[in-house]
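Let's take a walk through a protein model together. Please keep the sequence and the 3D view at hand, as we will move from place to place.

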Amino acid sequence: MVTARLTIDPRSAVGPVNPRLFGSFVEHLGRCVYDGIYEPSHPLADDEGFRTDVIDLVKELGVSTVRYPGGNFVSGFRWEDSVGPRAERPRRLDLAWHSTETNEVGLHEFSSWLDKVGSELMLAVNLGTRGVQEALDLLEYTNVGSGTALSDQRVTNGKTDAFGVKMWCLGNEMDGPWQLGHRSAEDYGKLASQTAKAMRQLDPSVELVVCGSSGAQMPTFGEWERVVLTHAYDDVDYISCHAYYQEKNGDLGSFLASAVDMDRFIESVVTTADHVKAVNRSEKTINISFDEWNVWYLDRYENVDKIAGIDNWPVAPRLLEDAYSILDAVVFGNLLISLLKHADRVTSASLAQLVNVIAPIMTEPGGDAWRQTTFFPFALTSHLAAGSALEVKLESDSYETDAYGRVDLVDAVATHDAHSSRTSVFLVNRSQNEDAVVTIDLSTLNGASLLDAQSLWDEDIQAKNTLEDQERVGLKPNESVVIGDGTITVTLPPVSWTALTLA
Ligand code: AHR
């Protein structure tokens, strides 16, 4: 049996939980947009062609902000193609995913869909094949009321009020050799700085995200952040982090500890940003937009899914349609714990992605929409985590991993909402074969009582929800909780994720 002890004190806050931590990402990639959120011929489509069953699931998931339209896609995207009369919109090659983009869904349609799901738009500009002028044009189109060529064009296209987009990404993964227009840190840092200054000249209220590394495994990681921020520190508000994890060579122990890597990644980027702050003698602090994170079986894409051929550019092909197991969802829930543990510096995040493409929601054309295993930790965390993230004191048994050395078997974070007097505790047990008994010291939470305890686990850690068996796995009430004098004891099954709600 694994044991762990946790002390929670609402007076020790890491920082406020920004609702933007529960953002997601919709890219024009595979069946995320077409045959995902949008399928006009579906029996449940609304008058704009959006699937209402998907809208309901996105609302249930509790997504605050949605990053759009890419991703790698944005680095070859001409935003003008996606506005105006649909019949006149061009079909374009999407080089990132070797597909055809019909532009049937564009900025106006996507914004209307966001109104239906109640989420905020976060737009990316193309700094791959385009530059400062096109970013300014898009900003004029979206944020200026009227009376100029591009704002009036928006009005003519049916949107009288400005879109008022606040969050903007200055390109996507510009450190990656696969990216159209990939640049050195020097070149990108200068371009990002020029673009940011120009955008702020037009609209000083925008919040700007400069590209960090596309992963901590990149050979330029660390130096990329330092050089880019040296150029753009004063011009931006956030630096991005991206991280994807997958089980490799059957090494479950390392995979279950993926959040350790995320913790270290965040702490390294914070250190680098603060180094540039010190060198610049700046008063300003740059925070992190963790705008792509998930479990992703990238090897499967590289070896099986990848499309090729000069006359083979399908519309909405099945790409990156990973089916997630309980094991994946436990790792995923732990990544959410890592984001919350760093809530002081990670103030925006986007789960990549939302529908069909490495997604918590899957759909079948003309058929059902269902929840993957990863849906459950995201939905529960986004609903429960409010107020402040707390600095929990954790003592846990540990184990050896090949990838990260010795790590704790139990990981946890808590949040406390002073308005509702509600405390939530999120925990994982990384042990593959033993229960973890966790004792939570609540002496600072006078007379706390348990409202709810839900766990995600299964005898079969490879169990998944599929088209044929859509409700195979889900949350289960955790009935092991024992309330003592100033403590709560909970038993976590092997490979499990748990959320406790205390009043
Ligand atoms: O989310 C899938 C892809 O992963 C994105 O397009 C890209 O930014 C990242 O490499």
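The paragraphs below go through a sheet, a hairpin, some helices, salt bridges and a charged surface patch.

Before we start, please keep in mind that this is a predicted model.

A good first stop is a sheet. Five strands make up an open sheet with mixed pairing, and their order is S16-S1-S21-S25-S24. Which strands stand at the edges? They are S16, covering 393-396, and S24, covering 482-483; each has a single partner strand, so one side of each is left without a neighbour in the sheet. For S24, we can look at the pairing in detail: S24 and S25 (residues 487-492) run antiparallel and are joined by 2 bridges. Within this pairing, Val-482 is found opposite Thr-489 of S25.

Next, turn to strand S17, which spans residues 398-401. In a regular strand, the side chains alternate between the two faces of the sheet. S17 shows such an alternation: Tyr-399 and Thr-401 point to one face and are buried, whereas Ser-398 and Glu-400 point to the other face and are not buried. The partner here is S18 (residues 405-408), which pairs with S17 in the antiparallel sense over 4 bridges. Tyr-399, one of the buried side chains of S17, has Val-407 of S18 as its bridge partner. The connection between S17 and S18 is a hairpin that passes through 3 residues.

Now for the helices. How many residues of helix H11 are buried? H11, residues 375-384, is mostly covered, with 9 of its 10 residues buried. Among them are the phenylalanines Phe-375, Phe-376 and Phe-378, along with Pro-377, Leu-380 and Leu-384. Ala-379, Thr-381 and Ser-382 also belong to the buried residues of H11.

Helix H3 (residues 132-143) holds Asp-137. Is this aspartate buried or exposed? Its relative accessible area is 19%, and because buried means under 20%, Asp-137 counts as buried. Between the C-alpha atoms of Asp-137 and Val-236 the separation is 19 Å, with their positions 99 residues apart along the chain.

Ser-119 is another buried residue, at 11% relative accessibility, and it sits in the loop between H2 and strand S7 (120-125). Its C-alpha atom is 9.4 Å from that of Val-58, although the two residues are 61 residues apart along the chain.

Let's move on to the salt bridges, of which a search of the whole structure finds 31. One of them pairs Asp-46 with Lys-116, with 2.8 Å between the closest N and O atoms. Asp-46 belongs to the loop between strand S3 (23-25) and helix H1 (52-61), while Lys-116 belongs to helix H2 (residues 107-117), so this pair ties together parts that are 70 residues apart in sequence. Lys-116 is partly exposed, at 23% relative accessibility.

A second salt bridge stays inside one helix. Glu-186 and Lys-190 are both in helix H5 (residues 185-202), 4 residues apart, or about one turn of the helix. An α-helix has 3.6 residues a turn, so residues three or four places apart point the same way. In the Glu-186 and Lys-190 salt bridge, the closest N and O atoms are 3.9 Å apart. Glu-186 is partly exposed at 39%, and Lys-190 is partly exposed at 42%.

A third salt bridge links Lys-476 and Asp-458, whose closest N and O atoms are 3.8 Å apart. Lys-476 is in strand S23 (residues 476-477) and Asp-458 in the loop between strand S22 (450-456) and S23, so the pair ties together parts that are 18 residues apart in sequence. Lys-476 is partly exposed, with a relative accessible area of 28%, whereas Asp-458 counts as buried at 11%. Elsewhere, salt bridges with shared partners join Arg-31, Arg-318, Glu-321 and Glu-364 into one network.

Our last stop is on the surface, where Asp-397, Asp-408, Glu-434 and Asp-435 gather in a patch of negative charge. Where does Asp-435 lie? Asp-435 is in the loop between strand S20 (422-429) and strand S21 (436-441), and its relative accessibility of 37% makes it partly exposed.

How values were computed
Residues numbered from 1 in each chain as written. Predicted model: local features only at pLDDT ≥ 70, side-chain atom pairs only at ≥ 80, totals over all residues. Heavy atoms only, no water. Patch = residues over 30% accessible without salt bridge, like charges linked within 9 Å, V, L, I, M, F, W, Y side chains within 5 Å. Areas by Shrake-Rupley, 256 points an atom, 1.4 Å probe, with all protein chains shown as cover. Salt bridge = Lys/Arg side-chain N within 4 Å of Asp/Glu carboxyl O. Lys, Arg positive; Asp, Glu negative; His and termini not counted. Charge placed at Lys NZ, Arg CZ, Asp CG, Glu CD. Buried < 20%, exposed > 50% of the residue type's maximum accessible area, 1.4 Å probe, protein only. Pairing = 2+ DSSP bridges.
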